[in-house]
Amino acid sequence: MNITITGRKCSPREDFKQRAEKKLKKIERFFGPDASAKIVATAEKKFKEVEITISNKGMIFRAQEKADDLSEALDKCVDTLIRQIRKNKTKLEKRLKSGSIDDLITPEQGAPDNVVDETDYEVVRTKNIAVKPQSVDEAILQMNLLGHEFYMFRNSATDEISVVYKRSNGGYGLLEPTNE
């Protein structure tokens, strides 16, 4: 697994980098050597935050956790990623050819009672919308006027379908398509 570790407002120590590589070995067994992981460590005044993004064969897993120190936040992130994998076990096993989800889940971890295997997703509502060309600022304004958490639009700068969304830690995000 290709691991990239960066720091925002901090410079992660070597022991943190070694711990991160060791923790991601658990997940590497599942995804294989082709996967890539990006770890971003952020130091704020009152907390430390770790964000892990793993991409492999077009699938992206992401976890972001806060704690008093970076190691604790890293542990929480890895646990969150394993929980995501466990929750979507059946769908993931169909998509990933190598590795087994059971290798990732060790007996001492056990499966928490509140995790339910997902077999099918139920679409309860379908909505057709007209996507008109807008700037990103206009789309954010429209999203806020509607009171939504996200808004799909045709980006007038790129002529592609894009999505703006509200981030949980404040600010806005923009999703744009790529040809990967």
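Ile-54 touches Leu-24, Ile-27, Phe-31, Ala-35, Ser-36, Ala-37, Met-59, Ile-60, Phe-61 and Leu-81, leaving out residues up to four places away in sequence. The model is predicted. Ile-54 is also among the residues with the most contacts inside the largest nonpolar core. A second, separate core has six residues. Four salt bridges are present.

**Overall architecture**

- The protein has 180 residues, and 29% of them count as buried.
- Five helices and eight strands make up its secondary structure elements.
- Along the sequence they follow the pattern β-α-β-β-β-α-α-α-β-α-β-β-β.
- Take the contacts between residues at least 6 apart in sequence: 42% of them join residues at least 24 apart.
- The accessible surface comes to about 12100 Å². Carbon and sulfur atoms account for 47% of that surface.

**The largest nonpolar core**

- In soluble globular proteins, nonpolar side chains tend to be buried together.
- The largest nonpolar core here has 26 residues. Leu-24, Ile-27, Phe-31, Val-50, Ile-52 and Ile-54 have the most contacts inside it.
- Five elements each supply at least two residues of this core: α1 (14-31), β2 (36-43), β3 (48-56), β4 (59-67) and α2 (70-87).
- The largest share, eight residues, comes from α2.
- Three of the residues that Ile-54 touches, Leu-24, Ile-27 and Phe-31, are likewise listed among those with the most contacts inside the core.

**The second core**

- This separate core of six residues includes Ala-139, Tyr-151, Phe-153 and Val-164.
- Two of these, Tyr-151 and Phe-153, are contacts of Ser-162.

**Helix α2**

- The 18 residues of α2 should span 26 Å at 1.5 Å a residue. The end C-alpha atoms are 26 Å apart, which agrees.
- Buried residues in α2 are Leu-70, Ala-73, Leu-74, Asp-75, Cys-77, Val-78, Thr-80, Leu-81, Ile-82, Ile-85 and Arg-86.
- Leu-81 is one of the residues touched by Ile-54.
- Asp-75, buried in α2, takes part in salt bridges with Arg-19 and with Lys-23.

**Salt bridges**

- Asp-75 pairs with Arg-19, with the closest N and O atoms 2.6 Å apart. Asp-75 is in helix α2 and Arg-19 in helix α1, so this pair ties together parts 56 residues apart in sequence.
- Arg-19 is partly exposed, at a relative accessible area of 31%.
- Lys-23 also pairs with Asp-75, with the closest N and O atoms 3.4 Å apart. Lys-23 lies in helix α1 and Asp-75 in helix α2, so the pair ties together parts 52 residues apart in sequence.
- Glu-51 and Arg-62 meet through their side chains in another salt bridge, at 3.4 Å from N to O. Glu-51 is in strand β3 and Arg-62 in strand β4, 11 residues apart, and the pair links distant parts of the chain.
- Glu-51 counts as buried because its relative accessibility is 14%, under the 20% cut-off.
- Arg-62 is partly exposed, with a relative accessible area of 36%.
- Arg-19, Lys-23 and Asp-75 are joined into one network by salt bridges that share partners.

**Strands β6 and β7**

- Met-152 lies in strand β6 (residues 150-155). At 34% relative accessibility, Met-152 counts as partly exposed.
- Met-152 joins Ile-129 and Ile-161 in a nonpolar patch on the surface. Together the three have about 230 Å² of accessible area.
- Ser-162 is in strand β7 (residues 161-166). At 1% relative accessibility, Ser-162 counts as buried.
- Beyond its neighbours within four places in sequence, Ser-162 contacts Tyr-151, Met-152, Phe-153, Asn-155, Leu-174, Leu-175, Glu-176 and Pro-177.

**Strand β8**

- Tyr-172 is found in strand β8 (residues 172-175). Tyr-172 is partly exposed, with a relative accessible area of 41%.
- Outside its neighbours within four places in sequence, Tyr-172 contacts Ile-140, Met-143, Asn-144, Tyr-165, Lys-166 and Arg-167.
- Tyr-172 and Phe-150 are 22 residues apart in sequence. Their C-alpha atoms are 9.3 Å apart in space.

Notes
Residues numbered from 1 in each chain as written. Predicted model: local features only at pLDDT ≥ 70, side-chain atom pairs only at ≥ 80, totals over all residues. Heavy atoms only, no water. Patch = residues over 30% accessible without salt bridge, like charges linked within 9 Å, V, L, I, M, F, W, Y side chains within 5 Å. Areas by Shrake-Rupley, 256 points an atom, 1.4 Å probe, with all protein chains shown as cover. Helix = DSSP H or I, 4+ residues; strand = E, 2+ residues; numbered from the N terminus. Buried < 20%, exposed > 50% of the residue type's maximum accessible area, 1.4 Å probe, protein only. Core = buried A, V, L, I, M, F, W, Y, C linked by side-chain atoms within 4.5 Å. Contact = heavy atoms within 4.5 Å. Expected span 1.5 Å × (residues − 1).
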